[in-house]
Amino acid sequence: SSDQSIQVAFSANSQRVIVACGTTISVNDAASGQLLYKLLGHTAPITSVKYNKSSETIISSSIDGSIRIWSEYSGADRQKIDSPTDGRGTSQVQFSADSRYLLTGSTIESRTLMFDADGKRIHGAISGQLASKFHLGQQIAVKNGSSVSIVEPATSRTIKTRVFSDRVDECVPVNSGQAFTVTFDMAPPLYWNTITDDVTLL
């Protein structure tokens, strides 16, 4: 239907475009647009799709509470992680910069989980919803209402927490994770320097 969310990702060489709509993922030739194959298995709308350049796999999350890891070339369903957020719809997944780990979180349950990239072993849980792009070895941001916590992904240790005046929408790292741009539901966006703790209106 027209209100279905569409998620898009590209393979590492940009030769394939991966489109998720509803419960179906389509893998297409980027140059011609030709459909190569479909990935079927989710039983509820897909909320996120990503490409892992290291293992040449596609990962998807759904509000059915599952994460699926697919082979890019064969379309085989390599791994299914059931209900990583206790059956509450999984909202997003992110691969680490080196493609060794993945983070997953839910908009319903305020918790972010870190797995091996193959989904077979969980490394730990971080309190809060994933709010930024994940870079292993750098800081990540998790949000809880109007607050943002900066977390060290390897240890799940909270480094710093900042409370803002409005509910946080997104928090994206800049300057190698030493600062973040923070957007809100209603208020203007801010630039937050996590070293000095200064904020600047954008």
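This short report walks through the strands, one sheet and one surface patch of the structure shown above.

The model is a predicted one. If you like beta structure, you are in good company here: the protein has 20 strands and zero helices. Of its 202 residues, 45% are buried. The accessible surface comes to about 9700 Å², and carbon and sulfur atoms account for 47% of that area. As for contacts between residues at least 6 apart in sequence, 29% of them join residues at least 24 apart.

Let us turn to the sheet near the start of the numbering. Four strands, in the order E1-E2-E3-E4, make up an open sheet with antiparallel pairing. Strands E1 and E4 are the edge strands, each pairing on one side only. From one strand to the next, the twist averages 20 degrees. The residue ranges are gathered here:

| Strand | Residues |
|---|---|
| E1 | residues 6-10 |
| E2 | residues 16-21 |
| E3 | residues 24-29 |
| E4 | residues 35-40 |

Inside this sheet, E2 and E3 run antiparallel and are joined by six bridges. One residue pair to look for is Cys-21 with Thr-24, its bridge partner in E3.

Edge strand E1 is worth a second look. Val-8 is found in this strand, and together with Ile-6 and Phe-10 it makes a nonpolar surface patch of about 300 Å². Is Val-8 buried or exposed? Neither label fits: its relative accessible area is 48%, so Val-8 counts as partly exposed, a class lying between the 20% limit for buried and the 50% limit for exposed.

Methods:
Residues are numbered from 1 along each chain as its sequence is written. This is a predicted model: local features need pLDDT of at least 70, side-chain atom pairs count only at pLDDT 80 or more; totals for chains, interfaces and linings use all residues. Side-chain values use heavy atoms; hydrogens and water are left out. Two strands pair if DSSP finds at least two bridges between them. Helices (H or I, at least four residues) and strands (E, at least two) are DSSP runs, numbered from the N terminus. Axes are lines fitted to C-alpha atoms, for helices over the stretch in contact, and angles run from 0 to 180 degrees between N-to-C directions. Patches are made of residues with over 30% relative accessible area and no salt bridge: like charges are joined within 9 Å, nonpolar side chains (Val, Leu, Ile, Met, Phe, Trp, Tyr) within 5 Å. Accessible areas come from the Shrake-Rupley method with a 1.4 Å probe; for residues, only the protein chains shown count as cover. A salt bridge is a side-chain nitrogen of Lys or Arg within 4 Å of a carboxyl oxygen of Asp or Glu. Buried means under 20% relative accessible area, exposed over 50%, partly exposed in between (1.4 Å probe, protein chains only). Contact means heavy atoms within 4.5 Å.
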